Amino acid sequence: MSSRSGAGLLGLLPAAAAVLMLVVLAVPLLALLLSTPPGDLVAGLRHPLALSALRLSLLTTTTSLALTLLLGTPLAWWMARHPGPAERVAATLVQLPIVVPPAVSGLALLLAFGRRGLLGPALEQAGLALSFTTAAVVLAELFVSAPFYIQSAAATFRRLDEDLLWAARSLGAGPARRFFRVVLPLSRPGVVTGAALSWARALGEFGATLMFAGNLQGRTQTLPLAIYSALETDLRPAKALSILLVAVALAVLGVLGRGTVLEAVRARA
């Protein structure tokens, strides 16, 4: 009996560990929701600090996403079509911002594009001042978020059926026509997934933005920075904006799940 009891207890350990892990993950979010009555949520979202941060975040994340799609899609396509040493170097450079600490990213951006940075004098001669401006927020978000899109898009491009591309070429479609009429429609789930991940990462960016752009209300103060500032004065906008970011995260997870399902259906078709 004792051996069976011991085996039963050992069998319960994985389940107990799993439940404990779920508790650690769920309780903080549950506490955030339960500690914010609907009235406080509405009042917090109407707070001037929240409104200005929300407007700025929508502007900067939309701009950074547009730049990511414009600049990252050609890079992802090149990486998918040209495997080799150069592609491995490019892949390493793309992956580095994901694993580098945000404070390091902010310092690197400051040393590269700040007034006394590597490119600072050249930018100053051109009449451009990036550090501690709204443009710095966009650049910081682009730096930390673009890798998520590039990796997802490149992985999707690699899985394309070569026969379809050859068929389009044999029908007289040029490179641009093949890319926009064949490659992008077939790669839509992966591209949408990467774009959603990139936008969500830009929306939640904190460390690099704080070091490179500062925390100036209406100019560089995004939603995460507004939460940080509100903790010192009024907790209501901090909790309201936190709940808003959680809701956005849930929406992004919904997009990612939808993209995964579409990819599976298309792969089986």
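Helix axes are lines fitted to C-alpha atoms over the stretch in contact, and the angle between two of them runs from 0 to 180 degrees between N-to-C directions. The legends below describe a predicted model.

**Figure 1. The whole chain is built from helices, with 13 helices and zero strands.** Read along the sequence, the pattern is α-α-α-α-α-α-α-α-α-α-α-α-α. The C-alpha trace spans about 70 × 65 × 35 Å along its principal axes. The close-up views that follow show pairs of these helices and one pocket.

**Figure 2. Helices α8 and α9 cross at roughly 160°.** Helix α8 covers residues 162-170 and helix α9 covers residues 175-186, and their axes come within 10 Å. Angles over 145 degrees count as roughly antiparallel, so α8 is roughly antiparallel to α9. The crossing of the two helices is right-handed. On the α8 side the contact is made by L164, L165, A168 and R169, and on the α9 side by R178, V182, V183 and L186. By class, this contact has six nonpolar and two charged residues, and no polar ones.

**Figure 3. Helices α4 and α7 cross at roughly 135°.** Helix α4 is formed by residues 85-99 and helix α7 by residues 134-158; their axes come within 7 Å. The two helices are therefore oblique to each other. Their crossing is left-handed. From α4, the residues in contact are E87, V94, Q95, P97 and I98. From α7, the contact is made by F143, P147, F148, I150, Q151 and R158. Sorted by class, the contact of α4 with α7 has seven nonpolar, two polar and two charged residues.

**Figure 4. Helices α3 and α7 pack at an angle of about 40°.** The axes of α3 and α7 are 6 Å apart. At this angle α3 and α7 are oblique to each other, because roughly parallel is kept for angles under 35 degrees. Helix α3 passes α7 in a right-handed crossing. The contact of α3 with α7 has 17 nonpolar, nine polar and two charged residues.

**Figure 5. The second largest pocket has a lining to which α3, α4 and α7 each supply at least two residues.** Helix α3 covers residues 48-81. About 230 Å³ of space lies in this pocket. Its lining is made up of 14 residues, and those nearest the pocket centre are L75, V94, A146, P147 and I150. Among these, V94 of α4 also takes part in the contact with α7, as do P147 and I150 on the α7 side. By class, the lining of the pocket has twelve nonpolar and two polar residues, with no charged residues.

Technical notes. Residues numbered from 1 in each chain as written. Predicted model: local features only at pLDDT ≥ 70, side-chain atom pairs only at ≥ 80, totals over all residues. Heavy atoms only, no water. Helix = DSSP H or I, 4+ residues; strand = E, 2+ residues; numbered from the N terminus. Parallel < 35°, antiparallel > 145°, perpendicular 65-115°, else oblique. Left-handed = near helix turned anticlockwise from the far one by under 90°. Contact = heavy atoms within 4.5 Å. Nonpolar A, V, L, I, M, F, W, Y, C, P; charged D, E, K, R; others polar. 1 Å grid on protein atoms, 1.4 Å probe; cavity = no way out; pocket = protein on both sides within 12 Å on 5 of 7 lines; lining within 4 Å. Points joined across faces, edges and corners; volume = space filled by probe spheres on them.
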